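Please look over the sequence and the structure below before reading on. The paragraphs that follow lead from one part of the chain to another, and it may help to find each residue as it is named.

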Amino acid sequence: MSENKTIYPNDNQLSLEANGLLSTMLNIPESDYHTAEELCTFSECDSLKTIKAALDELKDSKYIICVDGKYAVNKLRIPSMKFV
């Protein structure tokens with residue numbers, strides 16, 4: 001039986017908000033391919049403004065892509081991340 005691994009970004013240049021959002025998108029399959037508004041439902045404590053700022057940061061760092069208003073993890077960046 002294989003163990004489930006958790007994927008963590010290995011980038012100290014990302015803010016805590018961006019790290020948390022990316023970790024959520026990487027490790028919870030239901031959180032990939034969503035709009036900013038839909039991603040807000042995964043964390044009721046964060047505002048849409050906070051989520052959009054984190055998405056912009058992740059997009060600028062090329063950790064995520066945006067297609068037709070939906071955000072998804074850039075799967076090409078996963079090999080450079082930490083698996084625990």
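Ser23 is a buried residue, with a relative accessible area of 18%, which falls under the 20% that serves as the limit for being buried. The model in which this value was computed is a predicted one. Ser23 is found in helix H1, and, leaving aside residues up to four places away in sequence, Ser23 touches Ile7, Tyr8 and Pro9.

Helix H1, which spans residues 16-27, also takes part in the lining of the largest pocket, a space with a volume of about 150 Å³. Which residues line the largest pocket? The lining is made up of Leu16, Glu17, Gly20, Leu21, Thr24, Leu39, Phe42, Ser43, Asp46, Thr50, Ile51 and Ala54. The elements that give two or more residues to this lining are helix H1 and helix H3, the latter running over 48-60, and H1 gives the most, with five residues. Sorted by the character of their side chains, the lining residues divide into six nonpolar, four polar and two charged.

After helix H1 the chain can be followed into the loop between H1 and helix H2 (36-40), where Ile28 lies. Is Ile28 buried, partly exposed or exposed? Ile28 counts as partly exposed, because its relative accessibility is 32%, a value between the limits of 20% and 50%. The C-alpha atom of Ile28 is separated by 20 Å from that of Ser47, a residue 19 places apart from Ile28 along the chain.

The cysteines deserve a separate look. How many disulfides does the model contain? The count comes to zero, and Cys40, for example, is in no disulfide, since the nearest cysteine sulfur, that of Cys45, is 11 Å away, whereas a disulfide needs two cysteine sulfur atoms within 2.5 Å. For Cys66 the closest cysteine sulfur is the one in Cys40, and it lies 14 Å away, which is too far for a bond. The surroundings of these two cysteines can be described as well: Cys40 counts as buried at 15% relative accessibility, while Cys66 is partly exposed, with a relative accessible area of 31%.

The next part to follow is a pair of strands. Strand E2 (residues 64-67) and strand E3 (residues 70-73) pair in the antiparallel sense over four bridges. Within this pairing, Ile65 has Ala72 in E3 as its bridge partner, and Val67 stands opposite Lys70 in E3. The two strands form a hairpin with two residues between them, and Asp68 is found in the loop that joins E2 and E3.

What is the phi of Asp68? Asp68 has a positive phi of about 55 degrees although it is not a glycine. This is worth a pause, because most residues other than glycine have a negative phi. Asp68 is also exposed, with a relative accessible area of 79%. Lys62 is another residue to consider here, for its phi is near 65 degrees, again a positive value in a residue other than glycine. The place of Lys62 is in the loop between H3 and E2, and Lys62 is exposed, with a relative accessible area of 54%, a value over the 50% that marks an exposed residue.

Methods. Residues numbered from 1 in each chain as written. Predicted model: local features only at pLDDT ≥ 70, side-chain atom pairs only at ≥ 80, totals over all residues. Heavy atoms only, no water. Buried < 20%, exposed > 50% of the residue type's maximum accessible area, 1.4 Å probe, protein only. 1 Å grid on protein atoms, 1.4 Å probe; cavity = no way out; pocket = protein on both sides within 12 Å on 5 of 7 lines; lining within 4 Å. Points joined across faces, edges and corners; volume = space filled by probe spheres on them. Nonpolar A, V, L, I, M, F, W, Y, C, P; charged D, E, K, R; others polar. Pairing = 2+ DSSP bridges. Contact = heavy atoms within 4.5 Å.
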